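Colleague: I am new to reading protein models. Could you walk me through a few features, one at a time?

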Amino acid sequence: MTAAQPRPLLRPDPSRPGRLRDPSGGDAAAAWRRLVEDTPRYPRIATSSNVAIPMSDGAVLRAYVFRPADDTGHAVPTAFPTVLNITPYNKELIKGIDTILDAPVLGWAIRRLSRRFDLSDTPFAGITEITRIVDGGAADLLSVNRNLIRSGYVQIIVDARGTGSSTGNWDVLGEREQQDSVEILEWIGTRNWSNGRIGMTGISYSAINALQAATKRPAGLEAIFAVEGSVDIVREIFATGGAPSAFIPLWLTAVNTLKWVPAVRDLDLSAWLRARLSSPATNLLDLAKGFITGGDTRIYDDPYYETIDADIEQIDIPTFVYGCWHDIFGGSAPDIYNRLALERGRKQLLVGDGYHCNPGIGFGRPGFPPRLDVLERAWFDRWLRDEDNGIEQFGPVTLRSQGGGWTAHGRFPAPHAQPTRLYLSAGTSGTAPHASGDGSLVGDTDFSHGVLSVGPSLRAVVSRDTTQVLAGVTAVLGGGFTYDNRFAEKGAVTFTTGIAAEDTVISGPMNLHLRVVCHAPEALWAVMVCDVDPNGRSTVLTNGALLASRRAVDDELSLFAPNGDYTRPYHPLTEQSLLPVPVGEHIELDIDLLTTEAVVAEGHRLRVDVFAVDAPRFMPILPDLLRTHGRKQDITIDPDHPSYLVVPLLGEPGW
């Protein structure tokens with residue numbers, strides 16, 4: 001996404017004749033923004049640091065408590081609604097971000113730079129994708145939302161157990177940590193500054209924590225605002241298609257490092273140190289064992305993950321969900337929204353075209369949704385203060401279509417999108433002479449026969465997949481790391497359609513059905529689906545991968561097209577579901593691709609890229625990697641046993 005200012009695309013709302021859905025929020029959003037930017041009700045903030053919150057098992061969690069204050073800096077002696085953020089990233093780091101952004105000169109300069117710095121339409125456009133996160137409101141959501149507090153809220157930031165200044169062992173979203181959330185909420189309810197009405201908010205881990213807490217239906221928790229959470233951590237990032245990613249070890253290393261930096265004020269250092277020494281590098285040795293030897297059951301979908309993934313259907317409070325198409329958690333936000341058993345309006349979905357580290361990029365600009373901090377304020381004003389501000393009329397599904405603009409819908413995927421087969425053909429498309437193999441993607445089988453082979457290559461390191469798995473950091477490098485996949489495609493077999501006769505929308509999940517031959521006892525099949533513009537630039541829209549040994553499908557949990565094709569095959573990914581890979585024999589694979597919405601514009605093409613290696617996004621454990629023998633892999637084109645992409649289309653592209 002660049003900084004181009006798309007006009008909002010207004011769509012009729014069939015449930016309210018005559019009403020158009022405005023993705024920018026219209027007049028109501030302007031009113032929400034004025035509330036945030038006007039002179040606050042309370043001039044200052046009173047801060048209590050390293051506040052002790054005792055847990056039932058003896059652990060002591062530590063928190064910052066921020067309260068509205070008068071012009072002398074004294075906390076206002078009034079009970080307020082409370083917004084809670086539980087984080088493993090060390091509350092001192094988060095407070096440090098707030099200190100910088102609130103600094104009289106430096107903070108003003110950073111916010112101004114974020115708003116005005118623009119390298120769009122240059123080779124360095126990716127830098128702008130990172131610098132705009134402050135202007136979009138995400139920094140206020142991640143750290144201390146000072147405007148929210150001064151409007152009459154208490155904000156609490158708590159170090160999760162075993163991290164920051166909290167004692168106990170880090171439980172990594174486990175059952176004890178989830179019990180901590182309930183106990184923190186109970187503790188808040190007993191404070192004289194709390195009126196008993198509580199919301200939870202946060203980005204990434206904190207969002208997952210909020211979703212988990214909401215499933216417990218604890219007293220006092222009345223709304224959540226979850227940015228970039230997860231609902232199926234195995235398939236989204238830990239072992240997609242059976243192949244882990246580089247993100248998990250990097251993330252675990254970062255958190256395990258930050259947990260060794262406490263705030264010493266009012267801290268029982270001996271108890272803190274005992275806790276750290278009892279688990280100095282939580283899960284890192286187990287992870288290494290799993291990656292190197294396969295000796296940890298958590299490299300598969302294991303009962304361990306059932307305790308982590310939130311039971312979304314149990315949530316009964318208003319829930320705002322934000323995600324982005326190239327987040328590390330992929331299509332989790334739409335999945336969460338669709339599983340919420342809430343009426344539209346009490347649940348909201350907002351999806352941008354960005355990465356994990358730049359939520360809200362561009363928000364607040366013409367044609368974009370309101371800033372994230374503005375939406376958070378409006379959400380909590382409505383559900384924690386009962387203010388009739390119209391936030392439930394926003395969306396409820398607001399999306400940035402890749403290749404298009406912002407749209408507002410009643411639901412996602414678009415209900416009229418038709419799952420459509422596009423067949424892989426051995427006929428040359430003539431559009432990818434740079435690729436290892438140049439096949440075609442056609443609407444009807446052309447009865448071609450052939451074998452297209454793909455071998456190991458590290459070219460996919462320079463791809464949008466890498467930027468996705470590294471949370472967006474490599475977007476600053478631009479080029480192949482963002483919007484031009486041609487360098488990576490030199491290591492891929494490609495299949496490309498003809499020119500689209502009209503703008504065509506893709507809306508929903510996809511499945512690539514392949515008939516293949518593996519020349520070793522294991523093989524990784526990594527897939528990128530791309531939009532190809534008239535100049536030949538290939539931009540990744542979505543991706544997926546599957547190890548051949550993980551090809552088993554559970555039909556009970558899969559989604560199907562009316563004709564019986566898989567639109568979203570569900571691979572169990574358990575150790576018990578592993579299948580042998582017959583060397584030199586045909587097998588068939590169904591590779592699920594992340595759900596998305598995109599516009600393939602008139603004159604553009606759609607392309608499928610197939611790789612044998614896609615590191616660091618998909619990195620098989622060492623035993624699986626060794627079983628590939630580094631050998632080529634064949635895609636067999638046979639009209640009697642066709643390979644095809646099942647893609648949900650709105651429009652008549654003429655392919």
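**A guided look at some residues**

Modeller: Let's start with a contact: a polar side-chain atom of Trp-325 lies 2.7 Å from the backbone oxygen of Arg-400. Keep in mind that this is a predicted model.

Colleague: Where along the chain does Trp-325 sit?

Modeller: Trp-325 is in the loop that runs between strand E9 (319–324) and helix H14 (332–339).

Colleague: Is Trp-325 buried or exposed?

Modeller: The general idea is that a residue is called buried when its relative accessible area is under 20%. Trp-325 has 3% relative accessibility, so it counts as buried.

Colleague: And what about Leu-372, buried or exposed?

Modeller: Leu-372 counts as buried, because its relative accessibility is 0%. Leu-372 belongs to helix H15 (residues 372–384). You can also compare positions in sequence and in space: Leu-372 and Gly-360 are 12 residues apart along the chain, and their C-alpha atoms are separated by 6.1 Å.

Colleague: Which residues does a cis peptide bond join here?

Modeller: For this feature, look at the angle omega. One cis peptide bond joins Gly-395 and Pro-396, with omega about 5°. Pro-396 is placed in the loop between H15 and strand E11 (397–400). The peptide bond from Ala-615 to Pro-616 is cis too, with omega near 10°. Pro-616 lies in the loop between strand E23 (605–611) and helix H18 (622–627).

Colleague: My next topic is phi. What is the phi of Ser-204?

Modeller: Here we look at the sign of the angle and at the residue type. Ser-204 is a residue other than glycine, and its phi is positive, near 65°. Ser-204 is found in the loop between strand E7 (194–203) and helix H8 (205–215), and at 9% relative accessibility it counts as buried. Leu-573 is not a glycine either, yet it has a positive phi of about 60°. That residue, Leu-573, lies in the loop between strand E21 (566–568) and strand E22 (586–600). Leu-573 is buried, with a relative accessible area of 4%.

Colleague: Which residues form a negative surface patch?

Modeller: The patch is formed by Glu-502, Asp-503, Glu-602 and Glu-652. Take Asp-503 as an example: it lies in the loop between strand E16 (493–496) and strand E17 (504–518).

Colleague: Why is Asp-503 called partly exposed?

Modeller: Partly exposed is the class between buried, under 20%, and exposed, over 50%. Asp-503 has a relative accessible area of 49%, so it is partly exposed.

Definitions and conventions
Residues numbered from 1 in each chain as written. Predicted model: local features only at pLDDT ≥ 70, side-chain atom pairs only at ≥ 80, totals over all residues. Heavy atoms only, no water. Patch = residues over 30% accessible without salt bridge, like charges linked within 9 Å, V, L, I, M, F, W, Y side chains within 5 Å. Areas by Shrake-Rupley, 256 points an atom, 1.4 Å probe, with all protein chains shown as cover. Salt bridge = Lys/Arg side-chain N within 4 Å of Asp/Glu carboxyl O. Lys, Arg positive; Asp, Glu negative; His and termini not counted. Charge placed at Lys NZ, Arg CZ, Asp CG, Glu CD. Helix = DSSP H or I, 4+ residues; strand = E, 2+ residues; numbered from the N terminus. Buried < 20%, exposed > 50% of the residue type's maximum accessible area, 1.4 Å probe, protein only. Polar contact = N/O pair within 3.5 Å; in protein donor to acceptor, adjacent residues only side chain to side chain.
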